[in-house]
Amino acid sequence: MDGVDDGLDAYAEDIEFYLRQREIKYQLTNYIQPKWIKARHKEVVFMYQTQEELRASDVALNRGIRTMDRVLSALGEEGIKNIGLIGAACMLVSIKQEDHSCPDLDTMAYIHSVDSEALRDAERMVLNTLKWELEIPVV
């Protein structure tokens, strides 16, 4: 609003500086190698199909893909070997964050044709790999 001083202008530079530093901290490295593009593409398509089947939000899908990219960046070659399981876990985590209803573990495991325990372990691995920092700043 014009003429209203809410006191935040004094902090604007500090906030922007902080967010830019965090953005640099979370920049993806070693990603994406040309040999991974096809595998990633297939997984993104499958994540989209999962979103459609579960009627999950677009935000959950986008967050799931971003989360998968961050995990694959951190794990490198080891991550791409398990991209299907990692994609399923990232999608599950993002749906839990964004949507009002979440499929149970067995349903998600069935959709992705993986074992429930393997999916639970992959979900833990995703969270631990990201050090539970699920949100990344974008300035």
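The following paragraphs lead the reader through a predicted model of a protein chain, from its overall makeup to two of its helices.

The secondary structure of the chain consists of seven helices and zero strands, and reading along the sequence gives the pattern α-α-α-α-α-α-α. The chain has 139 residues, of which 36% count as buried. Among contacts in the chain with a separation of 6 or more, 70% are accounted for by residues 24 or more positions apart. The accessible surface comes to about 9,000 Å², and carbon and sulfur atoms hold 52% of that area.

Helix α3 covers residues 58–75. Because a helix is expected to advance 1.5 Å a residue, the 18 residues of α3 should span 26 Å, and the 26 Å between its end C-alpha atoms agrees with this. The buried residues of α3 include Ala60, Leu61, Ile65, Met68, Val71 and Leu72; Arg63, Asp69 and Arg70 are also among them. The buried residues of this helix pack against α2 (37–54), α4 (77–81), α5 (83–98) and α7 (116–129). After α3 comes Gly76, which has a positive phi, near 65 degrees.

Helix α5, one of the packing partners of α3, has 16 residues. From its first C-alpha to its last, α5 reaches 22 Å, close to the 22 Å expected at 1.5 Å a residue. Its buried residues include Ile83, Ile86, Met91, Leu92, Val93 and Ile95, as well as Gly87, Ala88, Ala89, Cys90 and Ser94. The buried residues of α5 pack against α2, α3, α4, α6 (105–111) and α7. Helices α2, α4 and α7 thus appear among the partners of α3 and also among those of α5.

Terms used
Residues numbered from 1 in each chain as written. Predicted model: local features only at pLDDT ≥ 70, side-chain atom pairs only at ≥ 80, totals over all residues. Heavy atoms only, no water. Helix = DSSP H or I, 4+ residues; strand = E, 2+ residues; numbered from the N terminus. Expected span 1.5 Å × (residues − 1). Buried < 20%, exposed > 50% of the residue type's maximum accessible area, 1.4 Å probe, protein only. Contact = heavy atoms within 4.5 Å. Areas by Shrake-Rupley, 256 points an atom, 1.4 Å probe, with all protein chains shown as cover.
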